[in-house]
Amino acid sequence: MKFDHSNLQFIIEGSNLGTWEWNVQTGETVFNARWAEIIGYSLEELSPVSIETWKNFTHPEDLEKSGAELQRHFAGETEFYEMELRMRHKDSRWIWILDRGKIFTRTDNGEPEWIYGSHQDITRQKEAERNLKRILEEKELLMREMNHRIKNNLLLVSSLISLESMQSNRNADLDNLKSRIDAIGLIHETLLEDKDLKTVNIRIYIENLLKNIFEHVVQYAVTVNNEIQEIEVSTEKAVPIGLIVNEIATNAVKHGHQEGDHAVFSIKMDRPDTTGMVELQISDNGDPVPDDLDFDHPRSTGMQLIKSLVMQLDGTIELFRAPHAEYRICLAV
């Protein structure tokens, strides 16, 4: 099809652009209907139009910046005038406009005369940019929080090593220490697999923790009765809970059973009310806890750690010795 002037109009309408023509010397302006529609008006409502029409709807801060960009273009410093600016919509909100233009005629003495350009509504793009920026800022904040938590957990590991080294150098103690470090590392591994960096599904975490313990610590099969409810726990609270479970489970299978036993480890956790407390019950079918173990004033590193972590979570712990060891723990999470 042969190109004619009507094709240009079709291109403008197809591009959904507002167009403007401005005589810099006289202030005369010509806007198309789309130019007015972008800010919620009809051309009839805005008539008569002039450069003051554009100025009255443009944000004062952007008007000043736009003026500076126009002067640069008038002086020949830029090939085109281009500016992102805010304009007041009829419904009182500010919308974002990509304003573009170019001088096509000058006066006999070289002053700018007619400049032609377009308006494009970029409000959605700007909102998308803001949302992306917000998401990136939140992600950065979460990563800072994660680094802070990892730092604190590494300090906890350091404390465990110091405590262990003061009490014993036995290989068994080093195995216990490794299992504690693994329990902490599993938290961060779980977080990396989850979209939410703030909380941990405690059921999934404990399942993985117990699987890790029973596959690497003992040489016989252990049946796990898992009755942990789907509870989201902050990462700060999940680490001490994991260490508590790790200590009790490791001690149960190491000291409560012998090779060839059919060990059964049971764990239950639920939130019985809206107080924010959770109840944790842990038991196994192994040998009962020895009568000479002083639970109120424990001497073993593991038991000291359990009681310390329970206190850290503003909780309470009870030990029932017979017929099998059972721990009943209440924690503020």
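Is Arg34 buried, partly exposed or exposed, and what is its relative accessible area? Arg34 is partly exposed, at 22% relative accessible area. The legends below describe close-up views of a predicted model.

**Figure 1. A salt bridge within helix H2 joins Glu37 and Arg34.** The side chains of Glu37 and Arg34 meet with a N to O distance of 3.8 Å. Both residues belong to helix H2, which covers residues 33-38. They are 3 residues apart in this helix, so about one helical turn separates them. Glu37 has a relative accessibility of 45% and counts as partly exposed. Arg34, with a value of 22%, is also partly exposed; the limit for a buried residue is under 20%. The pair is one of 13 salt bridges in the structure.

**Figure 2. Arg86 and Asp62 form a salt bridge between a strand and a helix.** The closest N and O atoms of the two residues are 2.8 Å apart. Arg86 is part of strand S3 (residues 81-88), and Asp62 is part of helix H5 (residues 60-74). The salt bridge therefore ties together parts that lie 24 residues apart in sequence. Arg86 and Asp62 are both buried.

**Figure 3. Asp91 and Arg93 are joined by a salt bridge.** Their side chains meet at 2.7 Å, taken from N to O. Asp91 is partly exposed, its relative accessible area being 44%. Arg93 is likewise partly exposed, at 41% relative accessibility. Elsewhere, salt bridges with shared partners link Glu61, Asp62 and Arg86 into one network.

**Figure 4. Ser92 has a positive phi in the loop between S3 and strand S4.** The phi angle of Ser92 is near 80°, and the residue is not a glycine. The strand after this loop, S4, spans residues 94-103. Ser92 has a relative accessible area of 48% and is partly exposed; a residue counts as exposed when this value is over 50%.

**Figure 5. Asp314 has a positive phi in the loop between helix H10 and strand S11.** Phi is about 50° at Asp314, a residue other than glycine. Helix H10 covers residues 301-312, and strand S11 covers residues 316-320. Asp314 is exposed, with 61% relative accessible area.

**Figure 6. The peptide bond from Ser47 to Pro48 is cis.** Omega for this bond is near -5°. Pro48 sits in the loop that lies between helix H3 (43-46) and helix H4 (51-57).

**Figure 7. The second largest pocket is lined by 13 residues.** The space in this pocket is about 360 Å³. Leu8, Ile12, Thr19, Glu21 and Gly117 are the lining residues nearest the centre of the pocket. Helix H1 (5-15), strand S1 (18-23) and strand S5 (114-121) are the elements that each give two or more residues to the lining. H1 contributes the most, with 4 residues. Sorted by class, the lining of the second largest pocket comprises 6 nonpolar, 6 polar and 1 charged residues.

Key. Residues are numbered from 1 along each chain as its sequence is written. This is a predicted model: local features need pLDDT of at least 70, side-chain atom pairs count only at pLDDT 80 or more; totals for chains, interfaces and linings use all residues. Side-chain values use heavy atoms; hydrogens and water are left out. On a 1 Å grid over the protein atoms alone, a cavity is a set of points where a 1.4 Å probe fits but cannot get out, and a pocket is an open set with protein on both sides within 12 Å along at least five of seven lines; lining residues have an atom within 4 Å of a point. Grid points are joined across faces, edges and corners, and a volume is the space filled by probe spheres set on the points. Ala, Val, Leu, Ile, Met, Phe, Trp, Tyr, Cys and Pro count as nonpolar, Asp, Glu, Lys and Arg as charged, and the others, Gly among them, as polar. A salt bridge is a side-chain nitrogen of Lys or Arg within 4 Å of a carboxyl oxygen of Asp or Glu. Buried means under 20% relative accessible area, exposed over 50%, partly exposed in between (1.4 Å probe, protein chains only).
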